[in-house]
Amino acid sequence: MGEKLKKQFDPAATLQEVESKFEMFQILNEEGKIVNEDAVPDLSDEELVELMTRMVFTRILDQRSISLNRQGRLGFYAPTAGQEASQLASHFALEKDDWILPGYRDVPQIVFHGLPLWKAFLFSRGHFVGNQIPEGVNVLPPQIIIGAQYVQAAGVALGIKKRGTADVAITYTGDGGSSQGDFYEGINFAGAFKAPAIFIVQNNQFAISTPRDVQTSAKTIAQKGIAAGIPSVLVDGMDPLAVYVATRDARERAVKGEGPSLIETMCYRYGPHTMSGDDPTRYRTTDIDNEWAAKDPIVRFRIYLEGKGLWDEQKETEVIERAKEEIKAAIKKADETPKQKVTDLISNMYEEKPYNLQEQYEIFEAKESK
Ligand SMILES: Cc1ncc(C[n+]2csc(CCOP(=O)(O)OP(=O)(O)O)c2C)c(N)n1
Ligand SMILES: [Mg+2]
């Protein structure tokens, strides 16, 4: 192409220019130092401690869930370690009446939004009671179909807009999820209707074994929001302060009627994809693992809070002990819940059973009453 034409017409340069705008937003760096003083959020000491408490609790919950799973006491479980800042600092920016549409890895957020932990354990076991969300707790059950929650979030957000309440719908998917059709439909629909939605992509670098760099030719996932005409950012997903600020900003704009936002959080999952048998050593090196472990959200937040005199070893030990007690009590309560029966499954699915299921229902009812 001639140089003259290139001045008028250079799609490759446009792409480069757009991509160059997506620098990673960070406030608290790997060493626990503030690198962006102007952006530090206005959180009280109590709030900072609460956020740290939730992240530590979640790390313990993850460790306990993995061992309970190995003992055969839990079913489906997707490990969360490494993603605490992405999950809990984004949740921390919400209000009680906001709606959460989680993916399967997003159990911590819905627990802190009000889903009792014992019910989260029943969800893991595939028990229907685990998906019976208490009235007033605005969460949907964790979505297993990759990306589907993005379309649902657009719908919930449009519903919120029609009701005229000052709430938002937030949803979470992963780097892999951003390749799904539902992802594009969700962000486009919400953008077109200026619905108050917040779309989080937790980019933990892998979709099971598929690395991020073969997922898409886009340099960032955040830039995909631009095509839908919605404000989009790339944030350090291991930095609780940056994640909080980005989500709070998105929320403020959403409730003002300015529509949805997309937030890509750069993070890592330390554990396997799920506890159903994948072996991360087959697709990741220890070098990459170590590189990300050095960015740990809890380590950097601990340094920051210790520097402010808000946290110490004793405090952390207390939180860990309390977490273990709460988890123990919750698993006990889950164990005490009557086992799910086939008839429960049918009667929970259908208000009026089709004739063939009615027949089966009667067969199982007879078996179960023995
Ligand atoms: C529609 C659909 N396709 C495929 C799957 C199988 N599957 C489960 S998890 C997963 C990868 C998702 O990766 P990502 O979105 O990065 O989320 P992460 O697990 O890393 O949090 C796939 C392909 C599914 N659940 N749903
Ligand atoms: Mg992923």
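Reader: Which residues does the UniProt annotation "domain: Dehydrogenase E1 component" cover?

Author: According to that unreviewed entry, the annotation covers residues 53-342. Keep in mind that we are looking at a predicted model. Across this span, 47% is helix and 11% is strand, and the end C-alpha atoms lie 40 Å apart.

Reader: Thanks! How many residues does the largest nonpolar core have, and which have the most contacts inside it?

Author: A general idea helps here: in soluble globular proteins, nonpolar side chains tend to be buried together. In this model the largest nonpolar core has 84 residues, and Ala 157, Ala 169 and Ala 197 have the most contacts inside it. Helix H11 (residues 240-255) gives the most to this core, with 8 residues. Take Ala 197 as a case to trace: beyond its neighbours within four places in sequence, its contacts include Ala 153, Ala 157, Val 168, Ala 169, Ala 254 and Pro 260.

Reader: How about helix H6: is it mostly covered or mostly open?

Author: Counting C-beta atoms around each residue, with 20 or more within 10 Å taken as buried, gives a clear reading. Helix H6 (residues 117-124) has 7 of its 8 residues buried, among them Trp 118, Phe 121 and Lys 119. Its buried residues pack against helix H5 (107-112) and helix H14 (313-336). Just after H6, look for Gly 126, with a positive phi of about 75°.

Reader: And what surrounds ligand 1?

Author: A shell of 14 residues, the closest being Ile 146, Gly 174, Gly 176, Gly 177 and Ala 207. By class, that shell has 6 nonpolar, 6 polar and 2 charged residues. Strands E2 (169-174) and E4 (206-207) each supply at least two of the shell residues.

How values were computed. Residues numbered from 1 in each chain as written. Chains lettered and ligands numbered in written order. Predicted model: local features only at pLDDT ≥ 70, side-chain atom pairs only at ≥ 80, totals over all residues. Near = placed C-beta within 6 Å. Helix = DSSP H or I, 4+ residues; strand = E, 2+ residues; numbered from the N terminus. Nonpolar A, V, L, I, M, F, W, Y, C, P; charged D, E, K, R; others polar. UniProt positions renumbered as here; feature names shortened; annotations may be inferred. Buried ≥ 20, exposed ≤ 12 C-beta atoms within 10 Å, placed from the backbone. Contact = placed C-beta atoms within 7 Å. Core = buried A, V, L, I, M, F, W, Y, C linked by C-beta atoms within 7 Å.
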